[in-house]
Amino acid sequence: MCSQIHAGDGLSIVNLQLNPERNTGYNGTHIWNAIYEENCLALDGSASAPMCYEERVLYRLLSGLHTSTTLSIAKNYYPPSKRKGRVNWEPNAQYFIDKFADHPEHLRNLHFSYVVLLRALKKASPFLYNYEIKTGDILDDEMATILLRRLLDSTILRSCHDVFTAFDENLMFKEQSTAISLQENFKGVFHNVSSILDCVQCQQCKLHGKMAMLGYGTALKILFLPEGIVGKGSLSRNEIVAFLNTIAKMSESVREVRELTHLYWSTHERLEKSDEGGSIDSIPSSSAAIDGVDVLDAAVGAVSSLANQGLIDESAEAKLIQQAFQRNPELMVLSKHYGNDLRKFLNFLPNLDSQIAAAAGVDSGDPDAIVVGTGLAGLAATLNILDRGGRVTLIEKEHRMGGNSNKASSGINACCPQNATYGDDLETFMKDTTRSAGQSARPHLIETLVGNSESAVQWLKDRVGVDLSMLAQLGGHGHKRTHRPSSGMVGAEVIYNIQRAVKSYEKTENLKILMDTRVVQLVRDEDGSVIGVEAVTTNPKDGDNTTQTLTAPNVVLATGGFASDRSPGSYLEHYRPELMNMPATAGEFSTGDGITLGTSVGAGLVDMDKVQVHPTGWVDPKDPSNPGKVLSGELMRGVGGILINQSGKRFCNELGTRAYVTDKMLSHDSDYEQSKKWNVTSEVPTFSLVLSSSAAESAKKHVDHYINKGLLVKLEGLHALAKWMDLPVYTVRDTLREYQHDSTNGSDAWGKTSFSGVPQADLATEVFYAGTVTPVLHYCMGGLTIDKEGSVLDEDKNIIPGLHAAGEVSGGVHGDNRLGGNSLLECTVFGTIVGKKIPIKPRQAIQQMNQNRNEKEQIQIPKMTMVDVEQHNSEGDCWIAIHDKVYDLTEFAEEHPAGPESIIELAGQDGTEDFAAVHSEGILQDFDPVGIL
């Protein structure tokens, strides 16, 4: 049953808890039609004949799977959306009713499928009870064994014997004359169904579909095997994993039927009661009178919560408490109805009388914060402020958001519970980070970074919507803890999603974005507090400059480092002049602007001489002398890439820290080897980075990206590799043979003990991927002095009121050397800390209510014809008709996760058919049409 359900060219571990089955927008109707129409009715070769028993069994199993998938979509239908006021995934009970109200037989098929799986579990219990689970983690294995035995000992398997008889596999294939052919057809149809699932373009949908089919196949395999044969050797580990997860999937689906049914009817009952003229919830009780103790308690509790969260100052807190004890009627009524909803309570406060409005603070129209810089740190701070109801002016000197965060490729570190499989813990993460930081390590900042890592990654996944399901172990790390997407580059994925979340606030009055705008000065009041900025906006069309002064009680600097500024008098020349001629991966915009702004108001500096030289930046063969390089992240070495010098020899542990690998590379220069200081006049050495086929498969998205850029080349066999390296074949062969030997022994001459992606034994037929790399300036550990709350400190370690910093502009977090994967983490952690601590002024809720009303009163969308659409058929003017609506996707094309090509090739056309093959119409809710056909 399972022989044709196998892994593809590469194997990867997927955590199903991080990839739940839910509404992805994928339209799978054509897949299910193919499954039912092309397979399920043709077991005996005749599609018109009545279904035999075997056909009915297979149909009911597939219908049960279909039902389970539909239930998962209904239960997790609406994604988190600030615009819609959703924090978590929410169900759609109406969708559930629409699908099953007229088809209860589909729900019966779900229960039938569950019975088949439980029957197989019952039969396999003796074998599974003693099954040895081996993942490499003893504690995790013991816990999994305990849980599995608890399942097998459960009362349901002991007490539901009568239920299991609802299906009997012994009744199948009883007709001897057709049994053999029927069995072969049955298996063939089963395999065909699994093959059809390979056509699913939604990777998450394919994952769950293929897993369930393997789980079904394993169940039937167990049931068809004679008693006593179900044991070691008859079932693979993957089959057992899929089998148990499919049982869990069906069990959850059975529960979801009850939950969605209850949700639907409870909602409709409430509506019916409301229509009848009242709700029991609206009947006041004597204990809830506005002058009662309960309401007073609600008022004081709400005010206390606002103060604890920094949303009101001590003066406002004192005035509001006084008004509460005086039983101010308006405040008491507000507390009674909105005391448990702080956001609304705060927004409605200014609508009361003048005393209450004064206590809450009158809105001056200024933002709560000005955030300078739109990399991950700036966007994280901005989104946290906006999510709390705050107002932000976001400033970016470039024409595009993202900064260097957009280029990040290796991932973001976090020590999370799901990492337990790899033996990771916070103490080990702290030690790895501290070891990398060296003598300049600052424990309070490292503890803040590491201690908030789990919540940072969870926020990126849940609030921002980034897929971070893959785990890798980078150089300098003792365990797998670097998270990255299953597809795409981590920096681009994070920035695309978070800027989308931030920009969703542009329709409100709470966000103002100023692009092409450079902050030239910080504004202070007479007490020395930073209260705003002076900024110059450049018109990209005519180059005209406009200067303006913007005020806010808080300014957040998130402007990045200074690694690309080689001008006379630059920070690089002042602190590390020997690195002035070394290439860099940072964008040309990395010129230390924020550091200059901070020092202009007395900010202290720390670790300014700590400039990280990353060991591997790609050398573009078409432009080898270009000072700007594309980073080859730790991931390329983490999956098995090996470094080879121009003599054809390895020279280091590729999984060592950046400082260690860089030192080994620069030591090829004799002067540096003696002095350990780089000579600015020396030529920076180059090396070959070589990946085997298996290593390349583990980083396929990155490899494809670098090949498209011309930075990596695919080489067939050892001879082709040696020719590309311009070395004798025997030299390269000896180096690779020695590496294979070291991997077998478990260690090499440089202390490497983890060997991934080792070249296959037959080097002549191995496929290699190789490129040239060189050490590059990558990150500035030094910057403005901050405390663990992200407040900027002056030279005497005192807080500068109103000034905050997050990301590379700040210093001290990483010490001597930043650990790979900690950059995005620093940006997220400290950006979030700053965004959560900045006080938010209460504002009139009427503005938001008007905004919501205006959104509903949309401008009439003009009528169009396809002739109108066809006029917009280029990359710079791209309109596409989808489901009788016309969308201008010109700007979105570059943001499209799958790349702009699939958008641009449909410019000026009706793209409904192409769109419907992959997506559901609901995904277009985030786009406003420019016309209707």
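Q: Asp-607 lies in a loop, but which two strands does that loop connect?
A: Asp-607 is in the loop between S11 and strand S12 (611-618). Keep in mind that this is a predicted model.

Q: And what makes Asp-607 count as buried?
A: Its relative accessible area is 11%. The cut-off for buried is under 20%, so Asp-607 qualifies as buried.

Q: What is there to say about the phi of Asp-607?
A: Phi is near 55° there, which is a positive value in a residue other than glycine.

Q: Asp-516 has a positive phi too, so to speak; what is the value, and where does the residue lie?
A: Phi of Asp-516 is near 55°, again positive in a residue other than glycine. Asp-516 lies in the loop between S6 and strand S7 (517-524).

Q: Why is Asp-516 called buried?
A: The number is a relative accessible area of 15%. Buried means under 20%, so Asp-516 gets the label.

Q: Back to S11: what makes S11 an edge strand?
A: S11 belongs to an open sheet of three strands, in the order S11-S18-S21 with mixed pairing. Strand S11 (605-606) and strand S21 (810-811) are its edges, as each pairs on one side only.

Q: How do you know that S11 and S18 are paired?
A: Count the bridges: two join S11 to strand S18 (residues 783-785), and the strands run antiparallel. Pairing takes at least two bridges, so S11 and S18 make the cut. Val-606 stands opposite Gly-783 in S18.

Q: Thr-785 lies in strand S18; why is Thr-785 called buried?
A: A relative accessible area of 10% is what it shows, and with the limit at under 20% that makes Thr-785 buried.

Q: What is in contact with Thr-785 beyond its neighbours within four places in sequence?
A: Its contacts there include Gly-604, Leu-605, Val-606 and Lys-797. For Leu-605, the C-alpha atoms are separated by 5.3 Å although the two residues are 180 residues apart along the chain.

Q: What makes strand S17 mostly covered?
A: In strand S17 (residues 767-780), 13 of its 14 residues are buried.

Q: How do you know which strands pair with S17?
A: The bridges tell you. S12 and S17 pair in the antiparallel sense over six bridges, with Thr-774 as the bridge partner of Gly-617. Strand S15 (residues 687-691) pairs with S17 over five antiparallel bridges, and there Leu-689 has Gly-771 as its partner. Strand S16 (residues 713-716) pairs with S17 over four, also antiparallel, and Lys-714 stands opposite Tyr-769. The threshold is at least two bridges, so S12 with its six clearly pairs with S17.

Q: What makes the S1-to-S2 connection a β-α-β crossover, and which hand does it have?
A: The chain crosses from S1 through H16 to S2, and this crossover is right-handed. Strand S1 (residues 369-372) and S2 run parallel, joined by four bridges, and Ile-370 stands opposite Thr-393 in S2. S2 and strand S6 (residues 511-514) also pair in the parallel sense, over four bridges, with Val-392 opposite Leu-511.

Q: Which way do the residues of S2 point?
A: Val-392 and Leu-394 point one way from strand S2 (residues 392-395), Thr-393 and Ile-395 point the other way, and all are buried. That fits the rule that side chains in a regular strand alternate between the two faces of the sheet.

Q: How is helix H16 (residues 376-387) placed against helix H20 (residues 490-503)?
A: H16 and H20 pack at an angle of about 35°, with their axes 10 Å apart. The crossing is left-handed. Residues making the contact include Leu-379 and Leu-383 of H16 and Ile-495 and Ile-498 of H20. By class, the contact has ten nonpolar, two polar and no charged residues.

Q: Why do S3 and S4 count as edges of their sheet?
A: That open sheet has three strands in the order S3-S5-S4, with antiparallel pairing. Strand S3 (412-413) and strand S4 (470-472) each have a single partner strand, so one side of each lacks a neighbour in the sheet. S4 is joined to strand S5 (residues 482-484) by three bridges, and Ala-472 stands opposite Thr-482.

Key. Residues are numbered from 1 along each chain as its sequence is written. This is a predicted model: local features need pLDDT of at least 70, side-chain atom pairs count only at pLDDT 80 or more; totals for chains, interfaces and linings use all residues. Side-chain values use heavy atoms; hydrogens and water are left out. Axes are lines fitted to C-alpha atoms, for helices over the stretch in contact, and angles run from 0 to 180 degrees between N-to-C directions. A crossing is left-handed if the near helix is turned anticlockwise from the far one by less than a right angle, and right-handed if clockwise. Contact means heavy atoms within 4.5 Å. Ala, Val, Leu, Ile, Met, Phe, Trp, Tyr, Cys and Pro count as nonpolar, Asp, Glu, Lys and Arg as charged, and the others, Gly among them, as polar. Buried means under 20% relative accessible area, exposed over 50%, partly exposed in between (1.4 Å probe, protein chains only). A crossover is right-handed if, with the strands pointing away from the viewer, the path from the first strand over the helix to the second runs clockwise.
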